[in-house]
Amino acid sequence: MSQEYSDKLKSVREKIAKYQREERDILQKQKKAERNRTMRKHSLMGEWLQSQVDQQRDGWSEEKLIDVLDAFLRNPRDRKLFGLPELEQNND
């Protein structure tokens, strides 16, 4: 292969690598933005629920919230955060 074609091929490969890096960076930023939107939604939902519990509105009480969380949470760290007992391990 002539030097001219070698140089062109090298240039094309460098451009491809550059665009692949740019694509990866854009996708990472997109994922981060989506995670941020999701976390904001969760935060707002939590704030709303806490306001319902604080004001005892729509049937929400601290006891009801704890009952719901007790049925929902499985991760020991999450359960501890809400003062819930550890779940028994099922060793079948």
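1. Start with glutamate 22. Glutamate 22 is partly exposed, because its relative accessible area is 36%, which falls between the 20% cut-off for buried and the 50% cut-off for exposed. This residue sits in helix H1, which covers residues 3-54.

2. This is a predicted model. Confidence should therefore be checked before details are read, since predicted coordinates should not be read in detail where pLDDT is low. Here the chain averages a pLDDT of 93. A score of at least 70 is reached by 97% of the residues. Among the helices, H1 has the highest confidence, with a mean of 96. The lowest is in helix H2 (residues 62-72), at a mean of 94.

3. Next, a distance. Glutamate 22 and aspartate 70 are 48 residues apart along the chain. Their C-alpha atoms are separated by 45 Å.

4. Now the largest pocket. It holds about 270 Å³ of space. Which helices each supply at least two residues of its lining? They are H1, H2 and helix H3 (76-81). H2 gives the largest share, 5 residues.

5. The lining residues deserve a look in the structure. Gly46, Leu49 and Gln50 are among them. So are Glu62, Leu65, Ile66, Leu69 and Phe72. Leu73, Asp78, Leu81 and Phe82 also line the pocket.

6. What is the make-up of this lining by class? The lining has 8 nonpolar residues. Another 2 are polar, and 2 are charged.

Note on methods:
Residues numbered from 1 in each chain as written. Predicted model: local features only at pLDDT ≥ 70, side-chain atom pairs only at ≥ 80, totals over all residues. Heavy atoms only, no water. Helix = DSSP H or I, 4+ residues; strand = E, 2+ residues; numbered from the N terminus. Buried < 20%, exposed > 50% of the residue type's maximum accessible area, 1.4 Å probe, protein only. pLDDT = per-residue confidence, 0-100. 1 Å grid on protein atoms, 1.4 Å probe; cavity = no way out; pocket = protein on both sides within 12 Å on 5 of 7 lines; lining within 4 Å. Points joined across faces, edges and corners; volume = space filled by probe spheres on them. Nonpolar A, V, L, I, M, F, W, Y, C, P; charged D, E, K, R; others polar.
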